[in-house]
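Biologist: Could you take me through one part of this model at close range? I would love to hear how two of its helices meet, and a little about what surrounds that picture.

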Amino acid sequence: MFPFGLSGVGGMTYDMGKCGRMNFQEDMSSDTKSSPPSESEKTLPPEEYLNKINEVRGLLGPLTKKSSEYCSDAAIARYLAARNGHVKKATKMLKETLKWRTQYKPEEIRWEEISREAETGKIYRANCTDKYGRPVLVMRPSCQNTKSPKGQIRFLVYCMENAILNLPDHQDQMVWLIDFHGFNMSHISVKVSRETAHVLQEHYPERLGLAVLYNPPKIFEPFWKMVKPFLDPKTRNKVEFVYSDDNVSKKILEDIFDMEQLEVAFGGENSDSSFNFEKYAERMREDDLKFFGNTTVSSTSALLTNSDSEVLDSEKKHLEDK
């Protein structure tokens, strides 16, 4: 699974350079892309959005206590940004998210439900943050280990929810660090990629600060061309292509991360931060307990997982054994 698709800021074009690598011509300055807004800009909505936020609240009408938790000023501002300040479009988008959250119940997904998806380390929250305090989701498409689209999407949603819960007070965005070691096109599912783009763009707007694609191979080019039209133009400006044998690329990582904390696999100096499933499972159980007070899988979650007809027989047996 290759999760692309959160709304962002800016736009970019690209062309193929030497050795099949992708070279980008940015439409905005690099400062706009690599430097997130200041703390004051994060704690208060943009001035021009204040009246619009109130307009959105009026159009939303009465909310349940649960829904109101996802309609803070900062949250509404993100939806307005995703719809370029258009009040009615932002309201419609937010209403769809509230409906989705009521039906899908992402806050009820627990580690024990999706732990099978996590066994190979295809997505995990790194122990470190970037220099701006943003959580880092490491993604390794070559470590795909299941064939269940529903299971893969629920795992991604769990990872997103967990990263959001771990955001520091002054941040509301995260970084994706995508490692293409061992990647080939068999690791890509168009169906899952399309659904992933839909869920992330429609229900997690403005959550992506930066996506770093580390050593993408030449065969990634056709997939990027295929996925690109599904992405908001603002999102594309948040994608950086980084190559381990290119000094300019390395500078990008040095600007974003503390190299002493960054995993060795990405050119960092931390040899103790590689993925360990047992340790990570313990960490996620602790998070479930800290944020929710229990690690029980909801009946709705269990139904959604077990009703997926596309789960392999081996996966079914694994779930039954557990």
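Modeller: Happy to! Helices here are DSSP runs of H or I with at least four residues, strands are runs of E with at least two, and both are numbered from the N terminus. On that basis the protein, which is a predicted model, has 15 helices and seven strands. Let us look closely at helix 3, residues 50-60, and helix 6, residues 87-104. Their axes lie 9 Å apart, and the two helices pack at an angle of about 50 degrees. Angles of 65 to 115 degrees would count as roughly perpendicular and those under 35 as roughly parallel, so helix 3 and helix 6 are oblique to each other. As for handedness, helix 3 passes helix 6 in a right-handed crossing. On the helix 3 side, the residues in contact are Lys52, Glu55, Val56, Leu59 and Leu60; helix 6 meets them with Val87, Lys88, Thr91, Leu94 and Lys95. By character, the residues of this contact divide into five nonpolar, one polar and four charged.

Now for the surroundings. Of the 322 residues of the protein, 52% count as buried. Two cysteines can be placed in that class, for which the cut-off is under 20% relative accessible area: Cys71 counts as buried because its relative accessibility is 1%, and Cys128 is buried because its relative accessible area is 14%. The structure holds zero disulfides. Finally, among contacts between residues at least 6 apart in sequence, 78% join residues at least 24 apart.

Conventions:
Residues numbered from 1 in each chain as written. Predicted model: local features only at pLDDT ≥ 70, side-chain atom pairs only at ≥ 80, totals over all residues. Heavy atoms only, no water. Disulfide = S-S within 2.5 Å. Buried < 20%, exposed > 50% of the residue type's maximum accessible area, 1.4 Å probe, protein only. Axes fitted to C-alpha atoms, helices over the stretch in contact; angles between N-to-C directions. Parallel < 35°, antiparallel > 145°, perpendicular 65-115°, else oblique. Left-handed = near helix turned anticlockwise from the far one by under 90°. Contact = heavy atoms within 4.5 Å. Nonpolar A, V, L, I, M, F, W, Y, C, P; charged D, E, K, R; others polar.
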